[in-house]
Amino acid sequence: MQTNLYATNSWQEEFRDAIKTSQELSSFLQTPIPAQPYKVFIPRSFASKIKDAGFDSPLWRQFVPSIDENKTTGLHDPIGDMVNAKENGIIHRYNNRILFNPTIICPINCRYCFRKNELEQQHDFLKANLEKLSEYLEDNPQVEEVILTGGDPLILSNLKIEKIIELITKTPSVKFLRFHSRTPIILPSRLDQGLFEVLNKFINRFDAITIAIHVNHSSELSDEFIENIQKFRKFNLVSQSVLLKDVNDCPSSLVRLFKSLNKIGIRPYYLHHPDKAMGAMHFHLSEKKGADIYTSLRADLPGWMIPHYVVDSPLGSGKSLVV
Ligand SMILES: *Cc1c(COP(=O)(O)O)cnc(C)c1O
Ligand code: SF4
């Protein structure tokens, strides 16, 4: 079994050894992969899970290329990143918190990604400059939280992450640190002792260190992830999910996901309405359909287990509640 073969390797080796072409993916999954304009990238251990889950499963739909990615409807920058982008990897939309993109690399290529066109073209606004981040924080003392996103910040080495956090701690007005990451789901061995120690070193420096884990379906919660995340429970663990057509767009799927997350110490935080990204329109559904699904969650979940259902404006004005 592929899974066992890779289980003993470190996450960085798994990352380097990932499937990187349609041909490789085709022979791994033993099925033709349609031609489409976006990159292919799937670590082999995760590709085994996709294969086991089978054709058209929620895992397959999220990560295996589709012919529908050739459609040219939808937007290049569906959430108006360009409106709020400062240079050097900084996006400043809300007064007291900024996004910083330290990398444009991801542990996998999600076919539904809202930033897929920008990441594919390696847009300048996503390019990080650590020195400039320092200057920006000094010049903007109203910023209390730095949110590391990307790309995926946890694809960076522990050493690099430590360096970034050290730099952020130099500005006393920053009180909160947050990571938005899909890596713990895709490469659960990323949740290693080294990462724990780096974060733990700064636990008293911040009022909260938050890890927002991007997860869309309960079948993504592997035993390895469930085991490894336990060590991180002293941090503020929250989830963000995207509502995706034919992946998780039914109440029972979301109820299962949110209950499973809660059980392992992760509080459901955001359910994102899918953005109208070009090449990802086959995952889109109407706000009316989304609102019906979301409203029905209340019958099966206590209020505190229900995330905020939000949609981002293509004009860059930020998130608003759908219902
Ligand atoms: C979502 C988002 C944030 C974080 O918002 P929270 O409500 O604090 O989770 C910050 N900046 C931008 C540009 C965002 O899109
Ligand atoms: S990990 Fe996030 S940024 Fe990267 S491809 Fe997936 S959705 Fe996009």
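**Figure 1. Strand 3 and strand 4 of the predicted model pair in the parallel sense.** Over 4 bridges, strand 3 is joined to strand 4. One pairing in this close-up links L148 to F179, the bridge partner of L148 in strand 4. Between the two strands, the chain passes through helix 9, and this β-α-β crossover from strand 3 to strand 4 is right-handed. Helix 9 comprises residues 158–169 and lies across strand 2, strand 3 (145–150) and strand 4 (176–181). Relative to strand 4, helix 9 runs at about 150°.

**Figure 2. Strand 3 is mostly covered.** Of its 6 residues, 6 are buried. In a regular strand, the side chains alternate between the two faces of the sheet. In strand 3, E145, I147 and T149 point one way. V146, L148 and G150 point the other way, and the residues of both sets are all buried. Strand 3 also pairs with strand 2, in the parallel sense and over 5 bridges. In this pairing, I98 is the residue opposite V146 of strand 3.

**Figure 3. A cis peptide bond joins G150 to G151.** Most residues other than glycine have a negative phi, and most peptide bonds are trans. The bond from G150 to G151 is cis, and its omega is near 25°. G150 is one of the buried residues of strand 3. G151 belongs to the loop between strand 3 and helix 9.

**Figure 4. Nine strands form an open sheet with mixed pairing.** The order of the 9 strands is 1-2-3-4-5-6-7-8-9. Strand 1 (90–94) and strand 9 (319–321) are the edge strands, and each of them pairs on one side only. Neighbouring strands of the sheet are turned by 25° against each other on average, direction ignored. Strands of a sheet pair through backbone hydrogen bonds, either parallel or antiparallel. Strand 1 and strand 2 (residues 97–103) run antiparallel and are joined by 3 bridges. Within this pair, F100 of strand 2 is the bridge partner of I90.

**Figure 5. Helix 14 lies across strand 7 and strand 8.** The helix comprises residues 287–296. Strand 7 spans residues 267–272, and strand 8 spans residues 308–312. The helix runs at about 165° to strand 8.

**Figure 6. Y94 lies in strand 1 and is partly exposed.** The relative accessible area of Y94 is 24%. This value lies between the 20% under which a residue counts as buried and the 50% over which a residue counts as exposed, so Y94 is described as partly exposed. When residues up to four places away in sequence are not counted, Y94 touches G318 and K319. Y94 and N84 stand 10 residues apart in sequence, and their C-alpha atoms are 9.3 Å apart in space.

**Figure 7. Q30 and N88 each have a positive phi without being glycine.** For Q30, phi is near 55°. Q30 is placed in the loop between helix 3 (22–29) and helix 4. With a relative accessible area of 66%, Q30 is exposed. For N88, phi is about 70°. N88 is found in the loop between helix 6 (81–84) and strand 1. N88 is partly exposed, and its relative accessible area is 22%.

**Figure 8. Helix 4 contains buried residues and is followed by a glycine with positive phi.** The helix comprises residues 44–53. Its buried residues are R44, S45, F46, A47, S48 and I50. An α-helix has 3.6 residues a turn, so residues three or four places apart point the same way. The glycine that follows helix 4 is G54, with a phi near 95°.

**Figure 9. Seven residues surround ligand 2.** The surrounding residues are C106, I108, C110, C113, L119, R182 and H214. By class, this shell consists of 5 nonpolar, 1 polar and 1 charged residues.

**Figure 10. D223 is an exposed residue of helix 12.** Helix 12 comprises residues 223–229. The relative accessible area of D223 is 66%. This value is over the 50% cut-off, and D223 therefore counts as exposed. D223 and P188 are 35 residues apart along the chain, and 9.1 Å separates their C-alpha atoms.

Technical notes:
Residues numbered from 1 in each chain as written. Chains lettered and ligands numbered in written order. Predicted model: local features only at pLDDT ≥ 70, side-chain atom pairs only at ≥ 80, totals over all residues. Heavy atoms only, no water. Pairing = 2+ DSSP bridges. Axes fitted to C-alpha atoms, helices over the stretch in contact; angles between N-to-C directions. Contact = heavy atoms within 4.5 Å. Buried < 20%, exposed > 50% of the residue type's maximum accessible area, 1.4 Å probe, protein only. Near = heavy atom within 4 Å. Nonpolar A, V, L, I, M, F, W, Y, C, P; charged D, E, K, R; others polar. Right-handed = clockwise from strand over helix to strand, strands pointing away.
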